[in-house]
Amino acid sequence: MSEPIGRIRPPGRLTMRTIRIGTRRSRLALWQANYVKDGLKRLYPDRDVELVEIVSEGDRTLDIPLHQAGGKGLFLKELETALLEGETDLAVHSMKDVTMHLPDGLEIPVLCPREDPRDAFVSNRFDSLDSMSRGGRIGTCSLRRTCQLKAAYPHLAFENLRGNVDSRMAKLDSGQYDAIILAVAGLKRLGMESRIRQAISPDICLPAVGQGVVGIECRSGDSEIRDLILPMNDPDSAIRVDTERQVNAALNGGCHAPVAVFAEPFDDQGEGKLRVRAMVGELDGSTVLKSDRVGPCAAGHMLGEKVAMDLLRQGARAILDRFGGDRS
């Protein structure tokens, strides 16, 4: 997914011009866009900041599994096209939805502070995954979640569930599923934390690359806009997400395979280090390959490459190839 740099319109003079933020129309996407808007207004109270709502292809194709529909890039294409064509100045994304390769001429220089990155077990009948009875129906569209949870709970049934948070909740509440799996971060941001019955430990289900982090995308040559948003960057989030994305890039895994990567601070005798855990597995949970390494925060990319090499030595390439490699 790449766009020729020639499509970019010169930004021209931006002094005191309205900053336009491209966003999807879902309630969670609007929360994220307003979060960035509010941050910019605090930094620059005299600036006008407005939201430009855009319907993505991912929002239109909800009747088939996400990996069959074309992957997470479906949620970005229209936002990035509007940015490249000068219709917006920024695009706001959940980093777990961002493809490994950005279009030519775009960059994500700002990663906001990370919310709780864990997955959430949501149910009206059960308190936890452990309490579910054999054959219990769990809704999720994530291959990553399905793979890991099938490995840990082979007696449960996992079924495709797409849509925004509200529509997924509605399907749960109507009895179509016994439980659903969502991101803790999204539920907290929407004021729905009370619906979480269990925050699933990363020891059971490693989060997605970038889960819980809001990223801000802009045109690579738009130095004025880039300078305006840089104060919103969180160094800790940047180190962690850059490392996670490095693992996925080294695996060439994209978003079409059961892949999980999670980087977190690791305090070793007062030395700030980074712990990186990653997983590649079969969709049915029959094989789950894992790597777990600790190293200096400053060497995140090198650490990420080592984790990826661990998984490749264990046979991850054969699994990834069956899912088509990186098409994102």
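Select Arg-275 first: this side chain is partly exposed, because its relative accessible area is 23%. Keep in mind as you go that the model is predicted. Now add Asp-292, and you will see the two side chains meet in a salt bridge, with N to O at 2.5 Å. The pair ties together distant parts of the chain: Arg-275 belongs to strand E12, Asp-292 to strand E13 (residues 288–296), and 17 residues separate them. Asp-292 is partly exposed as well, with a relative accessible area of 43%.

**Next stop: Val-276 and the core around it**

Move on to Val-276. Which residues does Val-276 touch, leaving aside those up to four places away in sequence? Show Thr-243, Val-247, Val-261, Phe-262, Ala-263, Ser-291, Asp-292, Arg-293, Leu-303 and Val-307, and you have the set. Asp-292 from the previous stop is one of them.

Now widen the selection to the largest nonpolar core, which has 21 residues. Val-276 is among the residues with the most contacts inside this core, along with Val-247, Leu-251 and Val-280. To see where the core comes from, colour helix H9 (235–251), strand E11 (259–268), strand E12 (271–281), helix H10 (300–313) and helix H11 (316–322); each of these elements gives two or more residues to it. In soluble globular proteins, nonpolar side chains tend to be buried together.

Apart from this core lies another one, of 17 residues. Good residues to pick out there include Val-110, Val-214, Cys-218 and Met-232.

**A closer look at Thr-243**

Go back to helix H9 and select Thr-243, which sits in that helix. Is Thr-243 buried or exposed? Thr-243 is buried, because its relative accessible area is 1%, and the cut-off for buried is under 20%. Beyond residues up to four places away in sequence, Thr-243 touches Ala-263, Leu-274, Val-276, Gly-300 and Gly-304. If you like to check distances, draw one from the C-alpha atom of Thr-243 to that of Gly-210: they are 9.6 Å apart, with these positions 33 residues apart along the chain.

**Two cysteines to compare**

While you have the second core in mind, select Cys-218. Cys-218 counts as buried, because its relative accessibility is 0%. Then select Cys-297, which counts as partly exposed at 29% relative accessibility. How many disulfides does the model contain? The count comes to 0 disulfides.

**The five-stranded sheet**

Hide the side chains and switch to a cartoon. Look for an open sheet of 5 strands, in the order E7-E6-E8-E5-E9, with mixed pairing. Strand E7 (157–159) and strand E9 (196–200) stand at the edges; each has a single partner strand, so one side of each is left without a neighbour in the sheet. From one strand to the next, the twist averages 30°.

Zoom in on strand E5 (residues 119–122), which pairs with E9 in the antiparallel sense over 4 bridges. Within that pairing, Asp-119 stands opposite Ile-200 in E9.

Then bring in the helices that pack on the sheet. Helix H5 (residues 143–152) touches E5, E7 and strand E8 (179–183), and its direction makes about 125° with that of E8. Helix H6 (residues 165–173) also packs on the sheet, touching E5 and E8, with its direction at about 165° to that of E8.

**More salt bridges**

Side chains of opposite charge can pair when their charged atoms come close. The count for this model comes to 25 salt bridges, and two more deserve a visit.

Begin with Arg-20 and Asp-89, whose side chains meet in a salt bridge of 2.9 Å, N to O. Arg-20 lies in strand E1 (residues 19–23) and Asp-89 in the loop between helix H4 (77–84) and strand E3 (90–94), 69 residues apart. Arg-20 is buried, with a relative accessible area of 18%, and Asp-89 is buried at 0%. Add Arg-219 and Asp-222 to the selection, and you have a network of salt bridges linking these residues with Arg-20 and Asp-89.

For the final stop, select Asp-178 and Arg-125, which form a salt bridge with the closest N and O atoms 2.6 Å apart. Asp-178 is in the loop between H6 and E8, while Arg-125 is in the loop between E5 and strand E6 (137–139), 53 residues apart. Asp-178 counts as buried at 15% relative accessibility, whereas Arg-125 is exposed, with a relative accessible area of 57%.

Definitions and conventions. Residues numbered from 1 in each chain as written. Predicted model: local features only at pLDDT ≥ 70, side-chain atom pairs only at ≥ 80, totals over all residues. Heavy atoms only, no water. Disulfide = S-S within 2.5 Å. Buried < 20%, exposed > 50% of the residue type's maximum accessible area, 1.4 Å probe, protein only. Pairing = 2+ DSSP bridges. Axes fitted to C-alpha atoms, helices over the stretch in contact; angles between N-to-C directions. Contact = heavy atoms within 4.5 Å. Core = buried A, V, L, I, M, F, W, Y, C linked by side-chain atoms within 4.5 Å. Salt bridge = Lys/Arg side-chain N within 4 Å of Asp/Glu carboxyl O.
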